[in-house]
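Here is a quick walk through the charged side chains of this protein. Have the sequence and the structure open as you read.

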Amino acid sequence: FALEKELDDQQDRMMMVENENNKLTEELSQLRREEKTHAQAGSELSIMRDELEVLTLRLKSEKNNCERLSKEIQDERILRVESEKQCYILLGKQEEQARSLAESREEAKRNIPQFESRGIQSGDPTVKL
């Protein structure tokens, strides 16, 4: 009878060990699935990191292009303003010359009677107005 009890106890312990073994096997399987999921996620994360790096480089390149274009636009504006200033300066000089020329003509017209009184005619080729 004691052997049967010991056998029953041994079988109970064996069933408990077998159940524990099944639980551990299932846990191990779950851990392996999780490990694969983590490895896959790690791989996806690595790919995403590489894509982010590429996008960052593109962004830097676009930023440099924008800064270059902005500088070119600013330089063009400066040149245009300088050009306009030069045009206004030249226009001012031309206006001053035109005014001076008009004054000279008016003065010449006022002086015609003096020349005529001296015997010089306004049609005389030696007189330039």
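## K85 and E82

K85 and E82 are joined by a salt bridge, with their closest N and O atoms 3.4 Å apart. Keep in mind that this is a predicted model, so treat the distances as values computed from it. The two residues are 3 apart in helix α1, which is about one turn of the helix.

How exposed is this pair? K85 has 44% relative accessibility and so counts as partly exposed. E82 falls in that class too, because its relative accessible area of 35% sits between the 20% and 50% cut-offs.

## R68 and E72

Back toward the start of the chain, there's another pair to look at. R68 makes a salt bridge with E72, and here the closest N and O atoms are 3.0 Å apart. Both residues belong to helix α1, with a spacing of 4 residues, again about one turn of the helix.

R68 is partly exposed, at a relative accessible area of 42%. Its partner E72 is partly exposed as well, at 39%.

## R33 and E26

Which residue does the side chain of R33 meet in a salt bridge? That would be E26, with an N to O distance of 3.3 Å. R33 has a relative accessible area of 42%, so it is partly exposed. For E26 the figure is 46%, which also makes it partly exposed.

Why might such side chains get together at all? Side chains of opposite charge can pair when their charged atoms come close. Across the whole model, the count comes to 6 salt bridges, and the pairs R33 and E26, R68 and E72, and K85 and E82 are among them.

## An acidic patch

Now for some charges of one sign. E4, E6, D8, D9 and D12 form a negative patch on the surface. Take D8 as an example: this residue is placed in helix α1, which runs over residues 2-117.

Is D8 buried or exposed? Neither, strictly speaking: D8 counts as partly exposed, because its relative accessibility is 42%. That value is over the 30% a residue needs to be part of a patch.

## The chain as a whole

Zooming out, the secondary structure is simple to list: 1 helix and 0 strands. How many of the 129 residues count as buried? Just 2% of them do.

The accessible surface of the chain adds up to about 12,300 Å². Carbon and sulfur atoms account for 56% of that area.

Terms used: Residues numbered from 1 in each chain as written. Predicted model: local features only at pLDDT ≥ 70, side-chain atom pairs only at ≥ 80, totals over all residues. Heavy atoms only, no water. Patch = residues over 30% accessible without salt bridge, like charges linked within 9 Å, V, L, I, M, F, W, Y side chains within 5 Å. Areas by Shrake-Rupley, 256 points an atom, 1.4 Å probe, with all protein chains shown as cover. Salt bridge = Lys/Arg side-chain N within 4 Å of Asp/Glu carboxyl O. Lys, Arg positive; Asp, Glu negative; His and termini not counted. Charge placed at Lys NZ, Arg CZ, Asp CG, Glu CD. Buried < 20%, exposed > 50% of the residue type's maximum accessible area, 1.4 Å probe, protein only.
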